[in-house]
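Hi,

Here's the structure I said I'd pass along. Have a look, and my notes on what turned up are underneath.

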Amino acid sequence: RGVIKDYFNEEIASNKQVYQIHLIPENARSIEEIFFRLKTILNISDKKIFSLRKKIAKQKPWEPIIVSDNLNWSEFSRINLFLHELQGVEPVVSVARMYKDNSSAHALGYVSQVSAKDLKNKKYLKEMSVPGIAVGKTGLERRLDEEIIGCWMQSLEDILETNKEAMEKAKKYDFLKNDMESLNTKISSLS
């Protein structure tokens, strides 16, 4: 999502990097084993595990669930250390919405995951089809939703275009490299 700035050009809504743990039930050999290991690695409570089981029961097995959100670096690296034992678990670096001042929350609003109602009412979301995208639910976040998401989508398109250009340059380089190698071989054979 794009950044929202006030009249004085100060950021009042922005994004920050967060560390998450996702679980894809379909990829896990044993959900119970995963929960046991996560409980010991991250000190997840029984209440949280009960909540996760309910989420798993409600959704499709290939859809990821967020096991833990906003981990610190120590917890995130600990998961990565034991990742070989955690089939179906994925450490994810994501983005969370940050608000500078809670006193303006009523005007700024908030963001949340896309709902079926959002998909029905907002045509631009149907065209995007980006899993895990957050949309504005109230306030300025809702009012400016299409423009703010558009900033993010434009950035993504710029990144993809840059990668495409880099790949084309790499292909040209490989082509030239192959030509040089064959030329060197021909020269060597003449000597």
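Let's start with D145, which is buried, with a relative accessible area of 0%. Keep in mind that this is a predicted model. D145 sits in helix α8, which covers residues 145-190. So what does the side chain of D145 reach? It gets to the backbone nitrogen of G136, at 2.9 Å. Setting aside neighbours within four places in sequence, D145 is in contact with R1, K122, Y124, V135, G136 and L140.

Next, the nonpolar core. In soluble globular proteins, nonpolar side chains tend to be buried together. The largest core here has 20 residues, and the ones touching the most other members are I21, L23, L38, L42, I79 and V89. Two or more residues each come from β2 (11-23), α1 (31-42), α2 (46-58), β3 (65-71) and α3 (73-81). Of these, α1 gives the most, with five residues. If you want one residue to click on, try V89: apart from neighbours within four places in sequence, V89 has contacts with I21, H22, L23, I34, L38, I79 and L83.

Last, empty space. How many cavities of 30 Å³ or more are there? The count comes to one, and its volume is about 40 Å³. Its lining is made up of R29, S30, E33, I34, E85 and Q87. By type, that lining splits into three charged residues, two polar and one nonpolar. I34 turns up twice in these notes, as it lines the cavity and is also in contact with V89.

Shout if anything looks odd on your screen.

Cheers

Definitions and conventions. Residues numbered from 1 in each chain as written. Predicted model: local features only at pLDDT ≥ 70, side-chain atom pairs only at ≥ 80, totals over all residues. Heavy atoms only, no water. 1 Å grid on protein atoms, 1.4 Å probe; cavity = no way out; pocket = protein on both sides within 12 Å on 5 of 7 lines; lining within 4 Å. Points joined across faces, edges and corners; volume = space filled by probe spheres on them. Nonpolar A, V, L, I, M, F, W, Y, C, P; charged D, E, K, R; others polar. Core = buried A, V, L, I, M, F, W, Y, C linked by side-chain atoms within 4.5 Å. Buried < 20%, exposed > 50% of the residue type's maximum accessible area, 1.4 Å probe, protein only. Helix = DSSP H or I, 4+ residues; strand = E, 2+ residues; numbered from the N terminus. Contact = heavy atoms within 4.5 Å. Polar contact = N/O pair within 3.5 Å; in protein donor to acceptor, adjacent residues only side chain to side chain.
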